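Reader: I am in my first year of study and would like to understand one part of this molecule in detail. Could you please take me closely through its nonpolar core and the residues that surround it?

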Amino acid sequence: EMPWPLERDRFLLETSTPGIFAVGDVRHDSVKRVASSVGEGSICVQFVHRHLAQV
């Protein structure tokens, strides 16, 4: 895993690359249902907005 390059901590569901988020079965060892993935995606949107506000 690459070292985290930013001073802030990673956002929930953010990958090791700042601004790249992963939800649902894309994540390592995750086996979710569609509804869970949709829920994670909706949570992720707020973190995408936070990231974009800092860029």
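Author:

**The nonpolar core and its surroundings**

The largest nonpolar core consists of five residues in all, namely F11, L13, F21, C44 and F47. The model in which this core appears is a predicted one.

It is useful to set the core within the whole chain. The chain contains one helix and zero strands. Of its 55 residues, 22% are buried. About 4300 Å² of the chain is exposed, and carbon and sulfur atoms supply 58% of that area. Among the contacts in the chain with a separation of 6 or more, 30% are between residues 24 or more positions apart.

The helix, α1, covers positions 34-54. Its 21 residues should span 30 Å at 1.5 Å a residue, and the end C-alpha atoms are indeed 30 Å apart, so the two values agree. The residues of α1 that are buried are E40, C44, F47 and H51. Two of these, C44 and F47, also belong to the core.

Consider next F21, a member of the core. Setting aside residues up to four places away in sequence, F21 touches F11, L12, L13, E14, T15, C44, F47, V48 and H51. This list includes F11, L13, C44 and F47, which together with F21 make up the core.

Another core residue, L13, deserves separate attention. L13 lies in the segment before α1. Its relative accessible area is 15%, and because buried means under 20%, L13 counts as buried. The backbone of L13 has a positive phi of about 70°, although L13 is not a glycine. For comparison, most residues other than glycine have a negative phi.

From the core we may turn to H51, which F21 touches. H51 is found in helix α1. With a relative accessibility of 15%, H51 counts as buried. Leaving aside neighbours within four places in sequence, H51 is in contact with R8, F11, E14, P18, G19 and F21. Of these partners, F11 and F21 are members of the core, while R8 and E14 are themselves joined by a salt bridge.

That salt bridge is the next feature to examine. A search of the whole structure finds one salt bridge. The bridge is formed by R8 and E14, whose closest N and O atoms are 2.9 Å apart. A polar contact of 2.9 Å likewise joins the side chains of these two residues. In general terms, side chains of opposite charge can pair when their charged atoms come close.

Where does R8 lie with respect to α1? R8 is in the segment before the helix. Is R8 buried or exposed? Its relative accessibility is 16%, and therefore R8 counts as buried. E14 is buried as well. Apart from neighbours within four places in sequence, R8 is in contact with E14, H51 and Q54. E14 is thus a partner of R8, and E14 is also in contact with H51 and touched by F21.

Some residues with greater accessibility complete the picture. L6 lies in the segment before α1 and, at 37% relative accessibility, counts as partly exposed. L6 and P18 are twelve residues apart in sequence, and their C-alpha atoms are 7.8 Å apart in space. P18 has already appeared here as a contact of H51. T17 is also found in the segment before α1, and with a relative accessible area of 38% it is partly exposed. The C-alpha atoms of T17 and L6, eleven residues apart along the chain, are separated by 9.8 Å.

Finally, V34 is found in helix α1. V34 has a relative accessible area of 67%, and since exposed means over 50%, V34 counts as exposed. The C-alpha atom of V34 is 7.7 Å from that of G24, a residue ten places away along the chain.

To summarise, the core is made up of F11, L13, F21, C44 and F47. H51 is in contact with F11 and F21 from this core, and also with R8 and E14, the two residues of the salt bridge.

Definitions and conventions: Residues numbered from 1 in each chain as written. Predicted model: local features only at pLDDT ≥ 70, side-chain atom pairs only at ≥ 80, totals over all residues. Heavy atoms only, no water. Core = buried A, V, L, I, M, F, W, Y, C linked by side-chain atoms within 4.5 Å. Buried < 20%, exposed > 50% of the residue type's maximum accessible area, 1.4 Å probe, protein only. Contact = heavy atoms within 4.5 Å. Helix = DSSP H or I, 4+ residues; strand = E, 2+ residues; numbered from the N terminus. Polar contact = N/O pair within 3.5 Å; in protein donor to acceptor, adjacent residues only side chain to side chain. Areas by Shrake-Rupley, 256 points an atom, 1.4 Å probe, with all protein chains shown as cover. Expected span 1.5 Å × (residues − 1). Salt bridge = Lys/Arg side-chain N within 4 Å of Asp/Glu carboxyl O.
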